[in-house]
Amino acid sequence: MSDTSSAHIDTLLQHLGTAPFDPQTGTAPVNLPSMRASTVRFKNLDMLERAQSRKGSGDRALTYGRIGMDTHAALEDVFCQLEGGTHCYLAPSGLAGVTLAFMSLLSAGDHALVADCVYGPVRELDAAVLSRMGIELTYYGAGDDLEKLVRPNTKLLYVEAPGSLLFEMLDLPALAEFAQRHKLILGTDNTWGSGYIYRPLTLGAQVSVIAGTKYIGGHSDLMLGAVVTNDAEIAKRLNRTQYAMGYSVSADDAWLALRGVRTLPVRMNQHARHALEVSEFLQGRPEVARVFHPALPSDPGHALWKRDCSGSNGMLAVQLNLSPQAARTFVDALTLFGIGFSWGGFESLVQLVSPKDLARHAYWQGGDAPVVRLHIGLESPADVIADLTQALERAAAA
């Protein structure tokens, strides 16, 4: 494809990172091969010095195999196109991407404001690493006055939108205005949207973190993180920190992510249709107190979702009208759902949410009621609903 400048993202994802034609034979495979390398050779010292100079300015420049070759560069371009960014830095997992962002943007003595709905392991990063390094995080919840929480040493406002467990929508443009007024960097975890249905950089954020493990890969067979920015100065900091921390992503994982992203549009739209159908079904069940899914018109965040997002995905959470033990019976009775912590693959998953994790969210008002988080996969919705029905009936009888 000679010109993709005006192409829709669905078209771009089918043409970015494809293999170039061999100048001798005029042929090329459709997919760019997995290009593995530890050592990068240079034709002469002048070429090496040029690469080092470009790298020093924050540009992608090959000096060593850890940064990756053409396969990695193609995937970085995909993330930039999805997110509307200018620079992308890969990490070996989503949490590694979060770590890269925090370690790049904060120094000893700095303070950050963090939404209490962020990915749970961020708190472990805080307790095990950041606090030990003299970096302080303040977690804020729905209804808190940020003006009273910001300090002279506050450098970063970090959120996840929608929230990790209950899919709480945040007003990202309003947060961006607050961050700009106080000269803060606004960073966000955008794994839920993955750049396809939600684009924080276009809404005012400067840094977007994505776990490519989820919807980018789409097949539950790789670990991957990415940090994308549209700010040249932030890019320099990310570039230097990524190199210093020794992050590396397997060429084969980068290749799998490129392969997975080709079907991201059809997968994401199918997940969204299935999840909405399941959400509507669950709303009518006596065993269900509430469904958390921003695409539902009854969800408190629906207006923000409709304004800022172009679609949804397979994620939802369900507050049950059951005892904690009956909720365990419900989870164990499901036959089409795997029990696991990840999501974004083709399969349906269920997780019984820990009450301790729920209690950290000011958005949560359900007391001791049990909550399950569901990822609705690509199975027939009729079969998924039948499975949920039998499991709910068994749990209610128990």
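**Exercise 1. Strand β6 and its partners**

Task: Determine in which sense β6 and β7 pair, and over how many bridges. Then work out how β6 is covered.

Solution:
1. In this predicted model, β6 and β7 form an antiparallel pair with five bridges.
2. One residue pair to look up is V207, whose bridge partner in β7 is T229.
3. Strand β5 (residues 185-189) also pairs with β6, here in the parallel sense, over three bridges. T188 stands opposite S208 of β6.
4. Now take burial. Five of the five residues of β6 are buried.
5. Sort them by face. In a regular strand, side chains alternate between the two faces of the sheet. V207, V209 and A211 are on one side, S208 and I210 on the other, and both faces are covered.

**Exercise 2. The annotated lysine**

Task: Locate K214, decide whether K214 is buried or exposed, and list its contacts outside the local sequence.

Solution:
1. Start with the record. The unreviewed UniProt entry places "modified residue: N6-(pyridoxal phosphate)lysine" at K214.
2. K214 sits in the loop between β6 (207-211) and β7 (225-229).
3. Its relative accessible area is 13%. The cut-off for buried is under 20%, so K214 counts as buried.
4. Set aside neighbours within four places in sequence. K214 then contacts T191, S342, W343 and G344.

**Exercise 3. The five-stranded sheet**

Task: Give the strand order of the open sheet of five strands. Then explain why β8 and β10 each have one side without a neighbour.

Solution:
1. The order is β8-β9-β12-β11-β10, and the pairing is mixed.
2. β8 (288-292) and β10 (337-339) stand at the edges. Each has a single partner strand, so one side of each lacks a neighbour in the sheet.
3. From one strand to the next, the twist averages 25°.
4. Check the β10 edge. Three bridges join β10 to β11 (residues 348-352), and the two run parallel. G338 has L349 as its bridge partner in β11.
5. Add the helices. Both α12 (residues 324-333) and α14 (residues 381-397) lie across β9, β10, β11 and β12. Helix α12 runs at about 160° to β11. Helix α14 runs at about 60° to β10.

**Exercise 4. A glutamate before β8**

Task: Describe the surroundings of E287 and state whether E287 is buried or exposed.

Solution:
1. E287 lies in the loop between α10 (264-283) and β8.
2. Its relative accessibility is 7%, so E287 counts as buried.
3. Its side chain makes a polar contact of 2.8 Å with that of R285.
4. Leaving out residues up to four places away in sequence, E287 touches L320, N321, L322, L392, E393 and A396.

How values were computed: Residues numbered from 1 in each chain as written. Predicted model: local features only at pLDDT ≥ 70, side-chain atom pairs only at ≥ 80, totals over all residues. Heavy atoms only, no water. UniProt positions renumbered as here; feature names shortened; annotations may be inferred. Helix = DSSP H or I, 4+ residues; strand = E, 2+ residues; numbered from the N terminus. Buried < 20%, exposed > 50% of the residue type's maximum accessible area, 1.4 Å probe, protein only. Contact = heavy atoms within 4.5 Å. Pairing = 2+ DSSP bridges. Axes fitted to C-alpha atoms, helices over the stretch in contact; angles between N-to-C directions. Polar contact = N/O pair within 3.5 Å; in protein donor to acceptor, adjacent residues only side chain to side chain.
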